[in-house]
Structures are given as C-alpha cells and as structure tokens.
Amino acid sequence: GALDREERLLADAVAHREAAAVAVAHLRDEDGAIELVGRALAAVSGRDVFSASADRLHQVVAELEDVGRDLREAAEGIDDDPARLAAVRTRRQLLRELRRKYGDTLADVRRYREEARARLGELEAHDRIAAALDAEREELRAEVRRREAEVGAARAAAAPPLAAAVEANLASLAMERSRLAISVGPPPGDDVTFRLAANPGSEPLPLAKVASGGELARTMLALRLVLSEAPPTLVFDEVDAGVGGRAALAVGSSLAQLGRQHQVLVVTHLPQVAAHADHHLVVEKVVRAGTTSTTLRAVDGDDRAAELARMLTGDATSDASIENARDLLARTAETRSSARMPRPSRRPRRADR
C-alpha cells in the first residue's frame with residue numbers, strides 16, 4: 001500500500017539520493033553518456049548516408065538529458081525525515097494489529113468499525129428506545145384488554161340464544177324436560193361451562209359431571225345441529241341410550257340431518273336409528289378354533305332388512321319381522337333423501353353418512 005511504499009522511501013532516503021547523484025554524474029559528467037553520444041552525433045552529422053542514424057542519436061541525447069533532469073528532481077524531493085519514518089512505521093504496526101483482531105483486510109476492519117459504531121449508537125440511545133418500547137407495550141396491552149372485553153361480551157351475548165337452540169333440539173332427542181345453560185366467565189370469557197339439568201327440579205350443573213354417556217352424546221348431537229362448523233368426521237357412540245320409539249326416530253332423523261355436511265359414524269343398537277343411515281355395517285364377535293375375533297361387514301338390500309328385523313324382534317327370518325323392517329326403511333327413506341339434497345352452506349359436503 002501507500003504506507004509500505006512511503007516507509008521504503010524514507011528508510012533508504014540517503015541511499016536513494018546518492019544513487020540518483022551517481023546516475024546523473026554518469027549521464028552529465030565529462031565522458032558521461034550524454035557527452036559520448038554527443039560526440040558520436042557530431043561525427044555523423046551532415047552526412048546524408050547517416051542521416052537516419054543521426055536523427056536517432058539526436059533523440060537519444062534529448063532522452064538522456066530528460067532522464068538526468070528527472071533523476072535530479074526526484075532526488076531533490078526525497079527528504080531524510082526520521083520523525084515521519086517513525087510515524088509511518090507506527091501506523092503500519094497499528095494496521096497490522098487491527099487486521100489481526102478484526103479482519104483479514106482493511107475493508108473488513110472498516111466494516112467492523114461501522115458495525116461497532118452503529119451498535120454504540122444503539123447503546124447510547126438505550127433509554128430512549130426502552131421508553132418507546134414501554135409505551136408500545138402499554139398500548140398493546142390496552143388493545144388486548146379492549147379485545148378481551150369485546151370477546152367476553154360477544155360470548156356472553158351468544159350464550160343464551162345458543163343454549164336455547166340446543167335445548168330446543170334436546171326436546172326432540174328424548175330430553176324434552178332438560179334445561180341447558182351456558183355460563184361465561186369474566187373477560188376474556190375463556191371460562192365457558194355448559195350446564196345441564198336432565199330432570200325437572202334439578203339445578204343445571206356442569207355437563208361433564210352430571211350427564212350420562214347417552215345424555216352427553218345427545219347433548220353434543222344437539223349442539224352440532226346448531227353449530228355450522230364441525231370436524232369433517234363425527235363419531236357418536238350410544239347416542240340413543242335410554243330412548244326408543246318416536247324419540248329414537250327423532251335421533252336418527254337428527255343424525256341424518258347432520259350427515260348432510262359431515263361424515264357421521266354412529267354406534268347404535270336401535271333399528272330406528274340404523275334405518276336412517278346411508279350405509280349399514282354390522283359388527284359381530286365370532287369364535288373360531290377357540291379364538292375370539294370381531295368382524296365387520298356391510299349389509300344392503302334384503303340383508304339389511306334382515307338385520308333390521310333382527311334388531312326389531314330378535315328374529316331375522318319371520319315374514320312379519322322382515323315386513324316391519326322394510327316398512328321402517330320405507331318410512332326413513334324420505335328423511336335420508338332430504339338429507340342428501342344440497343342446501344346453501346359455507347362448507348362443502350364431506351361424505352355420505
């Protein structure tokens with residue numbers, strides 16, 4: 001670099017001037033290069049045969065004089081400056097230390113300097129930045145509290161009509177005397193409790209504590225009939241526990257309605273519920289060679305009528321039982337057909353129940 005060249009110049013200043021003086025002497029002294037070339041030029045000047053050579057010798061003399069002048073001026077510009085030499089060497093040592101610590105090149109060192117300068121600016125502005133962040137945090141906290149209040153108010157407002165709608169569906173699911181209440185805790189209203197009184201004279205208590213398996217399943221069915229959003233597949237196990245007759249038909253009809261937009265899997269022992277299904281699967285336990293296993297088979301047509309007859313009377317072979325089963329399928333066919341009919345919805349139909 002420039003410092004390296006300057007150090008070499010200052011470190012050998014005397015020798016540089018002496019070398020220049022010797023070179024100038026060889027060019028300009030008596031019997032020096034300029035004198036000798038001048039004599040050669042004088043010897044051939046005026047002779048046409050040597051005119052070309054004479055021109056070249058003239059150029060050589062002029063070039064040698066220029067070189068001598070340049071050497072003298074360069075030597076005069078070289079100062080023997082020990083103080084400057086010491087400063088240059090100190091500077092070069094400092095740069096070597098900087099490269100050793102902060103980068104392989106001076107560009108790396110400069111980049112580190114800019115990064116350190118920016119970081120220093122951040123540290124010096126710490127109090128200002130901290131105050132701005134504290135103010136922003138308080139604004140966000142206030143916004144969160146405002147949003148929490150909105151959510152809590154919306155949940156509290158939605159709870160009574162939702163409870164009433166679910167309770168209305170419970171009436172058609174053999175729970176006509178049940179009362180449902182939904183309590184919403186303070187903002188943000190995350191503490192939501194469904195409370196059920198399955199029998200008259202009872203106070204509504206948390207659903208998870210007082211509902212039987214069948215009551216819980218029917219309450220969830222009633223809730224799903226109200227809510228527009230649900231998982232694509234719903235499973236109900238013993239949703240018809242404790243019901244029969246017309247109530248069982250209502251349960252089956254409700255499940256068929258729910259099956260319009262969801263895949264609904266139902267475990268049931270009631271023919272009134274099974275008759276509403278689009279597909280009927282029979283689960284049986286069999287013993288072969290001393291080993292018990294469970295089988296699953298689909299039934300349709302006459303086989304389905306026979307299975308429903310067995311569920312109705314325990315007899316899958318009598319004409320009366322078969323006729324009753326076919327009559328049940330015919331009466332539920334209209335419900336199944338209407339369940340398949342498309343209706344406006346935000347959700348696409350997932351699968352047949």
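The exercises below, each with a worked solution, go through parts of one predicted model.

Because the model is predicted, local features need pLDDT of at least 70 and side-chain atom pairs count only at pLDDT 80 or more, while totals for chains, interfaces and linings use all residues. Residues are numbered from 1 along each chain as its sequence is written, and side-chain values use heavy atoms, with hydrogens and water left out.

**Exercise 1. The whole chain**

Determine how many helices and strands the protein chain has, and how its radius of gyration stands against the globule rule.

Solution. Start with the elements, which are DSSP runs numbered from the N terminus, helices being H or I over at least four residues and strands E over at least two: the protein chain has 13 helices and seven strands. Next, take the radius of gyration, which is computed over C-alpha atoms and set against a rule of 2.2 Å times the number of residues to the power 0.38. The value is 52 Å, well over the 20 Å that the rule gives for 353 residues, so the chain is more spread out than a compact globule. Along its principal axes, the C-alpha trace spans about 150 × 60 × 50 Å. Finally, buried residues (under 20% relative accessible area, with exposed over 50% and partly exposed in between, using a 1.4 Å probe and protein chains only) make up 27% of the 353 residues.

**Exercise 2. A sheet and a helix**

Work out the order of the strands in the open sheet, and find which strands helix 7 lies across.

Solution. Strands count as paired if DSSP finds at least two bridges between them, and by this rule three strands form an open sheet in the order 1-2-3 with antiparallel pairing. Strand 1 (179–184) and strand 3 (205–206) are the edge strands, since each pairs on one side only. Strand 2 (residues 192–197) is joined to strand 3 by two bridges, and Leu196 stands opposite Leu205 in strand 3. Helix 7 (residues 126–171) lies across strand 1 and strand 2, and runs at about 170° to strand 1, where axes are lines fitted to C-alpha atoms, for helices over the stretch in contact, and angles run from 0 to 180 degrees between N-to-C directions.

**Exercise 3. His280**

Decide whether His280 is buried or exposed, and identify the residue that shares a side-chain polar contact with His280.

Solution. First, place the residue: His280 is found in strand 6 (residues 280–288). Its relative accessible area is 8%, and therefore His280 is buried. A polar contact is a pair of N or O atoms within 3.5 Å, and within protein one must be able to donate a hydrogen and the other to accept it, while residues adjacent in sequence count only if both atoms are side-chain atoms; such a contact, of 3.5 Å, joins the side chains of His280 and Arg304. Beyond its neighbours within four places in sequence, His280 has contacts (heavy atoms within 4.5 Å) with residues including Ala274, Val299, Glu307 and Met311.

**Exercise 4. Two positive phi values**

Compare the phi and the accessibility of Asp31 with those of Ala289.

Solution. Asp31, in the loop between helix 2 (13–28) and helix 3 (33–44), has a positive phi of about 65° although it is not a glycine, and with a relative accessible area of 47% Asp31 is partly exposed. Ala289, in the loop between strand 6 and strand 7 (291–299), has a phi near 55°, again positive in a residue other than glycine, and at 84% relative accessibility Ala289 counts as exposed.
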